[in-house]
Amino acid sequence: MKIRDAMTRDVCMVRPDQTLRDAAHMMAELDIGALPVQENDRLVGMITDRDIAVRAVAEGWGADTLISKVMSSEIKYCYDDQDIEEVTRNMSDQRLRRLPVMNRDKRLVGILSLGDLAREGSTQDDAGEALCGISRPGGQHSQTAQRPH
């Protein structure tokens, strides 16, 4: 099975010059925990509800702080034509709960989350494998590994 068969296609994005309030409002409205950040039609980062709570609020930054100050700019992603098994192994190894999905022209075409994997009957083992790896503490993308800039 390919990533395009499991990913969420309807993706809303924010810009780095918007505020944390804008991102949090959009997350609440859409009932999601992460938003891709785009600039000039290119993916430049990701902002999560956890980034807002653990990075920004913990540092005492307010709701008017720019997304660019808090977002993760080192973006891990996958391609829509990759095999799910390969990508879930990478998600597990790198402890990632979701990945932006790009086409081969490097344009954002979706998001792949653990929830997407769990919903696909043939990928439930992959979702379990990814969850086991992701649930280990620490890692390159943990909140303690990347301090705000």
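## Helix 2 and its surroundings

The buried residues of helix 2 pack against helix 1, strand 2 (42-48) and helix 3 (67-70). This picture comes from a predicted model, and the description below should be read with that in mind. Helix 2 covers residues 49-57, and its buried residues are Asp51, Ile52, Arg55 and Ala56. Seen down the helix axis, these buried residues fall within an arc of 110°, so they line one face of helix 2. Arg50 and Val57, by contrast, are exposed on the other side of helix 2.

A general point about helices helps in reading this arrangement. An α-helix has 3.6 residues a turn, so residues three or four places apart point the same way.

## Strands 3, 4 and 5

Strand 4 (residues 98-102) is paired with strand 5 (residues 108-113) in the antiparallel sense, and the pairing runs over 5 bridges. Within this pairing, leucine 99 of strand 4 stands opposite leucine 112 in strand 5, while proline 100 has isoleucine 111 of strand 5 as its bridge partner. Strand 4 is also joined to strand 3 (residues 78-79), in this case by 2 bridges, and these two strands run parallel. Here tyrosine 79 stands opposite methionine 102 in strand 4.

How much of strand 4, which has these partners, is covered? Of the 5 residues in strand 4, 4 are buried, and the strand is therefore described as mostly covered, since buried means under 20% relative accessible area.

## Aromatic rings and charged side chains

The structure holds 1 aromatic pair. The pair is formed by tyrosine 77 and tyrosine 79, whose rings are arranged edge-to-face, with 5.7 Å centre to centre and 90° between the planes. The surroundings of the two residues can be described through their accessibility: tyrosine 77 is partly exposed, with a relative accessible area of 33%, whereas tyrosine 79 counts as buried because its relative accessibility is 16%, a value to be set against the limit of under 20% for buried residues.

Tyrosine 79 takes part in a further arrangement, in which the charged end of arginine 104 sits over its ring, 3.7 Å from the centre. Elsewhere in the model, lysine 69 lies over the face of tryptophan 61, at 4.4 Å from the ring centre.

## Positive phi angles in loops

Most residues other than glycine have a negative phi, and most peptide bonds are trans. Which values does phi take in aspartate 31 and in lysine 106? In aspartate 31, phi is near 55°, which is a positive value in a residue other than glycine. Aspartate 31 has its place in the loop between helix 1 (20-30) and strand 1 (34-39), and because its relative accessibility is 72%, aspartate 31 counts as exposed.

In lysine 106, phi is near 60°, again a positive value in a residue other than glycine. Lysine 106 lies in the loop between strand 4 and strand 5, and the hairpin of these strands has 5 residues between them. With a relative accessibility of 38%, lysine 106 counts as partly exposed.

Terms used: Residues are numbered from 1 along each chain as its sequence is written. This is a predicted model: local features need pLDDT of at least 70, side-chain atom pairs count only at pLDDT 80 or more; totals for chains, interfaces and linings use all residues. Side-chain values use heavy atoms; hydrogens and water are left out. Two strands pair if DSSP finds at least two bridges between them. Helices (H or I, at least four residues) and strands (E, at least two) are DSSP runs, numbered from the N terminus. Rings of Phe, Tyr and Trp (its six-membered ring) pair if their centres lie within 6.5 Å; planes under 30 degrees apart count as stacked, over 60 as edge-to-face and the rest as tilted. Buried means under 20% relative accessible area, exposed over 50%, partly exposed in between (1.4 Å probe, protein chains only). A charge sits over a ring if NZ of Lys or CZ of Arg is within 6 Å of the ring centre and within 35 degrees of the ring normal. The arc is that of the directions from the helix axis to the C-beta atoms. Contact means heavy atoms within 4.5 Å.
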